Amino acid sequence: GIRGKDVIQFSRELLMRFGGFRGLFAIGVGELQGVKGLGDAKICTLIAMREISRRQLREELMGKTYVRDPKTVLDYLYASMRDQKKEIFKALFLNKANRIVKERTLFEGTVDETAVHPREVVKAAMDAHASSLILVHNHPSGRIQPSPEDVEITRKLEEACWLVSVKILDHIIIGDNRYFSFNEQQLLQ
């Protein structure tokens with residue numbers, strides 16, 4: 001705690017100030033350093049808690065069968081992508097049994113766009129010995145509707161991956177506690 005407040009009261013105030021754990025885990029070190037009563041040790045503890053939580057969710061994801069357990073995948077993706085301040089484009093690499101064998105951030109962009117290069121996606125799929133992919137990116141605005149560019153790059157990625165016998169199972173856009181699935185909306189070939 002700090003002078004005049006025990007640890008419970010101080011913790012409650014922090015959670016209220018930042019909108020709960022989600023908000024507290026989304027802010028950067030600079031903002032944490034501006035909070036009276038948070039020294040370097042406490043800030044390091046919060047950063048470590050955030051990383052441990054993300055890693056635990058990621059471990060739960062690895063080896064899961066996507067077709068049988070899409071909720072686990074979405075839970076992990078929400079936690080790792082929803083509060084990002086810039087667009088992040090990830091791929092989940094799956095084997096023939098549709099088990100997730102690898103997850104990788106392929107591209108990072110600005111607050112409203114990211115450049116995605118089909119050859120890099122194909123190369124990453126080949127390096128991972130993937131039979132199929134799930135493409136994922138976030139919209140920091142919270143809006144989940146795909147832009148015309150999202151639809152176009154998905155089409156290009158499908159064509160490029162088809163040439164090397166890799167199937168795209170889905171392209172998911174993460175927004176503010178919501179998602180858009182190209183597969184669910186039947187927008188994949």
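# Exercises on Cavities, Pockets and Backbone in a Predicted Model

About 30 Å³ of space lies in the largest cavity, the volume being the space filled by probe spheres set on grid points that are joined across faces, edges and corners. On a 1 Å grid over the protein atoms alone, a cavity is a set of points where a 1.4 Å probe fits but cannot get out, and a pocket is an open set with protein on both sides within 12 Å along at least five of seven lines; lining residues have an atom within 4 Å of a point.

The model is predicted: local features need pLDDT of at least 70, side-chain atom pairs count only at pLDDT 80 or more, and totals for chains, interfaces and linings use all residues. Residues are numbered from 1 along each chain as its sequence is written, and side-chain values use heavy atoms, with hydrogens and water left out.

## Exercise 1. The chain as a whole

Task: State which elements make up the chain, and in what order they run from the N terminus on.

Solution.

1. The secondary structure comes to 7 helices and 5 strands. Helices (H or I, at least four residues) and strands (E, at least two) are DSSP runs, numbered from the N terminus.
2. The order of the elements is α-α-α-α-α-β-β-α-β-α-β-β.
3. Along the principal axes, the C-alpha atoms fill a box of roughly 65 × 30 × 25 Å.
4. Of the 189 residues in the chain, 41% are buried. Buried means under 20% relative accessible area, exposed over 50%, and partly exposed in between (1.4 Å probe, protein chains only).
5. Among contacts (heavy atoms within 4.5 Å) between residues at least 6 apart in sequence, 62% join residues at least 24 apart.

## Exercise 2. The cavity

Task: Determine which residues line the largest cavity, and how they divide by class.

Solution.

1. The structure holds 1 cavity of 30 Å³ or more.
2. Its lining is formed by Leu 24, Phe 25, Ile 27, Leu 32, Leu 46, Ile 47 and Arg 50.
3. Helix H2 (20-26) and helix H4 (40-61) each supply at least two of the lining residues. The largest share, 3 residues, comes from H4.
4. The lining divides into 6 nonpolar, no polar and 1 charged residues. Here Ala, Val, Leu, Ile, Met, Phe, Trp, Tyr, Cys and Pro count as nonpolar, Asp, Glu, Lys and Arg as charged, and the others, Gly among them, as polar.

## Exercise 3. The two pockets

Task: For the largest pocket and the second largest pocket, give the volume and describe the lining.

Solution.

1. The largest pocket has a volume of about 340 Å³. It is lined by 20 residues, of which Glu 87, Glu 113, Ser 147, Glu 149 and Asp 150 are the closest to its centre.
2. Helix H7 gives the largest share of this lining, 5 residues. By class, the lining of the largest pocket has 6 nonpolar, 6 polar and 8 charged residues.
3. The second largest pocket holds about 280 Å³ of space. Among its 15 lining residues, Phe 25, Arg 50, Arg 54, Ala 79 and Asp 83 are the closest to its centre.
4. H2, H4 and helix H5 (70-81) each supply at least two residues of this second lining, which divides into 6 nonpolar, 3 polar and 6 charged.
5. Phe 25 and Arg 50 also appear in the lining of the largest cavity.

## Exercise 4. Helix H6 and its packing

Task: Identify which residues of helix H6 are buried, and what they pack against.

Solution.

1. In H6 (residues 118-127), Val 121, Val 122, Ala 124 and Ala 125 are buried.
2. These residues cover an arc of only 160° around the axis, which puts them on the same side of H6. The arc is that of the directions from the helix axis to the C-beta atoms.
3. Their packing partners are strand E1 (88-94), strand E2 (100-108), strand E3 (132-138) and helix H7 (148-163).

## Exercise 5. Positive phi outside glycine

Task: Locate His 129 and Gln 186, and decide whether each is buried or exposed.

Solution.

1. Most residues other than glycine have a negative phi.
2. His 129, although not a glycine, has a positive phi of about 55°. His 129 is found in the loop between H6 and E3, and counts as exposed at 69% relative accessibility.
3. Gln 186 is not a glycine either, and has a positive phi of about 55°. Gln 186 lies in the segment after strand E5 (179-181), and is exposed at 70% relative accessibility.
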